Amino acid sequence: MKFDLILRVGVKLMIPFMLLFALYVQLHADYGPGGGFQAGVITAGAVIVYALIFGIEEAQRVVPKRLVELLVPLGVLIYAGTGLLGILFGKNFLDYSVLGANPPLARERGILFVEIGVLLTVSSTMVALFYAFSERGR
Amino acid sequence: MIVTLAIVRMRNLFGVIVLAGVYSFLMASVMMVYDAVDVAMTEAAVGAGVSTVLLLAALHLTKAREYPQPRPAAIPVLVSLGVGAALVWATYDLPAFGIADTPINNHVVPYYFENSMKDTNVGNLVAAILADYRGFDTLGEVTVVFTAGIGVLLLLKGRRAGKSSSDGGSA
């Protein structure tokens, strides 16, 4: 699909909005539908569309493979680390109330951290799988 | 229903994958009818979007046509029909759809409705339950995604590393 002008221009126009929508889904999850899983998949979708249209090498220049494979465990570590903070401050595992002065705000913050961990793991797993499949085929 | 029958009958795997994407979109609309917007969104993004692409990528590595079965498999058909009949029979014990005075709507759900805004400052009840009240479950889910991803990566890469480098044992 290297020379398909309409696809190339269209995808170039779409990708910023996809990433923006993913961020919206991620950060607005407090009040609207969405969360880390959905945002992660949309982010991965943006990267995969880019790789499909512009070729896998171009995509790996933007999102290097090492970075993706680093982010897969990092997301889980962020999630578990947020939980461990609770133990560190003498509460239960995944007790977010240690993250701030008053409990509701602290728990909101905890949900935010945890969702970031989910986002990183889900999106990078999808992209890593796509990279692995498409490199195997060559 | 028609889509699933077509999926079962079809031998061309490309068509099967596209139909599976169609099925995911249909399921997403069913979830919308049930007011489960979060689930619908996940189904549309994961089921119809990413998994279709990943399946197509996997198809790239194999042949695009399924081998025809030598003879009609009677036992699997009987087993699946039996399980399906048992499940349909079991649904008669479920409370009617949308009814308010079931146990599930009377114990935990009112607590969440009354306290989640107070406890977590988060307006979206689904997010509050997933990430806070049931945070440990979600940690498990993330770990499942992580483990599955690592497993597939190892499977896909191990062979290639063994082929290119002759020392073998590292793969």
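This dialogue walks through a helix pair and a chain interface.

Biologist: What kind of model is this, and how are residues numbered?

Modeller: This is a predicted model, in which local features need pLDDT of at least 70 and side-chain atom pairs count only at pLDDT 80 or more, while totals for chains, interfaces and linings use all residues. Residues are numbered from 1 along each chain as its sequence is written, and chains are lettered from A in the order in which they are written.

Biologist: At what angle do α2(B) and α3(B) pack?

Modeller: Helices are DSSP runs (H or I, at least four residues) numbered from the N terminus, and angles run from 0 to 180 degrees between N-to-C directions of axes fitted to C-alpha atoms over the stretch in contact. Here α2 (residues 13-33) and α3 (residues 37-61) of chain B pack at about 175°, with axes 7 Å apart, and are therefore roughly antiparallel (over 145 degrees). Residues making the contact (heavy atoms within 4.5 Å) include B:F14 and B:F25 of α2(B) and B:L55 and B:L59 of α3(B).

Biologist: How much area is buried between chain B and chain A?

Modeller: Buried area is the accessible area (1.4 Å probe) that two parts lose on being put together, summed over both. Between chain B and chain A the value is about 3,900 Å², with carbon and sulfur atoms giving 74%, and 42 residues of chain B are in contact with 43 residues of chain A.

Biologist: Which helix of chain B gives the most to the side that touches chain A?

Modeller: The helix is α7(B), with 17 residues, whereas α3, α5, α6 and α7 of chain B each supply at least two.

Methods
Side-chain values use heavy atoms; hydrogens and water are left out. Angles under 35 degrees count as roughly parallel, over 145 as roughly antiparallel, 65 to 115 as roughly perpendicular and the rest as oblique.
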